[in-house]
Amino acid sequence: MKKVYLIGFMGCGKSAIGKRLSFATKMPYYDMDHEIEKKMGMTISEIFSTYGEEAFREMETEFLRTFRNEYCIIATGGGVPMRKENREIMRRTGLVFFLNAPFRDVWRRIATLKKRPIVQASTRAQLEKLFYVRKPLYMYSAHFKVETEKRSIHDITDYIA
Ligand code: S3P
């Protein structure tokens with residue numbers, strides 16, 4: 001059995017849906033950001049400010065290269081599909097689901113949270129631009145595109161399961 005990867009922009013619901021999907025399918029759930037934080041003993045913001053974004057991107061790739069568990073659900077960080085190697089590993093080792101949410105929904109969810117360094121360092125307009133730059137790469141990486149607009153977590157989870 002392969003892994004299930006959830007991909008998409010920050011705030012699209014990867015963690016919430018991943019946890020619920022884990023409950024519904026009995027597959028173990030892993031949050032990539034959380035696994036990197038545990039390994040480093042630092043928050044994502046601390047990793048960005050201490051080592052820089054490029055080092056964090058390398059940690060994400062290293063996680064994908066070395067994570068051996070089969071039959072599990074992985075909520076990826078929003079920037080993971082930007083690297084070709086990451087896309088190739090995910091598509092080779094699992095089923096990739098892109099959670100497609102409109103920008104206004106993700107903005108509503110991420111604007112006030114202080115834990116994401118990219119959000120902290122950007123204006124709304126810059127994030128919206130990043131959203132549209134990334135979207136084709138999410139589409140390109142995914143085996144399945146899942147529409148999340150106006151759907152409950154329960155409904156989305158049932159659909160993926
Ligand atoms: C990032 C998304 C974050 C986290 C980091 C960078 C991004 O994960 O990996 O702050 O570049 O989109 P979430 O998508 O889980 O918020």
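This passage describes the overall fold, one helix pair and the ligand surroundings of a predicted model.

The secondary structure of the chain consists of nine helices and five strands. In sequence order these elements follow the pattern β-α-β-α-α-α-β-α-β-α-α-α-β-α. The chain has a radius of gyration of 15 Å, close to the 15 Å that the globule rule gives for 161 residues, so the chain is as compact as a globular protein of that length. Measured out along its principal axes, the C-alpha trace spans about 35 × 35 × 25 Å.

Two packed helices are described by the angle between their axes and the distance between the axes. For helix H1 (residues 14–25) and helix H9 (residues 153–160), the axes come within 9 Å and cross at roughly 60°. H1 is therefore oblique to H9. The crossing of H1 past H9 is right-handed. On the H1 side, the contact is made by Ala16, Ile17, Arg20, Leu21 and Ala24. These residues meet Ile153, Ile156, Thr157 and Ile160 of H9. By class, the contact of H1 with H9 comprises seven nonpolar residues, one polar residue and one charged residue.

The ligand is surrounded by residues from several parts of the sequence: Met10, Lys14, Asp33, Ile44, Gly77, Gly78, Gly79, Arg116, Pro117 and Ile118. Sorted by class, this shell contains four nonpolar, three polar and three charged residues.

Definitions and conventions: Residues are numbered from 1 along each chain as its sequence is written. This is a predicted model: local features need pLDDT of at least 70, side-chain atom pairs count only at pLDDT 80 or more; totals for chains, interfaces and linings use all residues. Axes are lines fitted to C-alpha atoms, for helices over the stretch in contact, and angles run from 0 to 180 degrees between N-to-C directions. Helices (H or I, at least four residues) and strands (E, at least two) are DSSP runs, numbered from the N terminus. Angles under 35 degrees count as roughly parallel, over 145 as roughly antiparallel, 65 to 115 as roughly perpendicular and the rest as oblique. A crossing is left-handed if the near helix is turned anticlockwise from the far one by less than a right angle, and right-handed if clockwise. Two residues are in contact if their C-beta atoms, placed from the backbone, lie within 7 Å. Ala, Val, Leu, Ile, Met, Phe, Trp, Tyr, Cys and Pro count as nonpolar, Asp, Glu, Lys and Arg as charged, and the others, Gly among them, as polar. A residue is near a molecule or strand if its C-beta atom, placed from the backbone, lies within 6 Å of it. The radius of gyration is taken over C-alpha atoms; the globule rule is 2.2 Å times the number of residues to the power 0.38.
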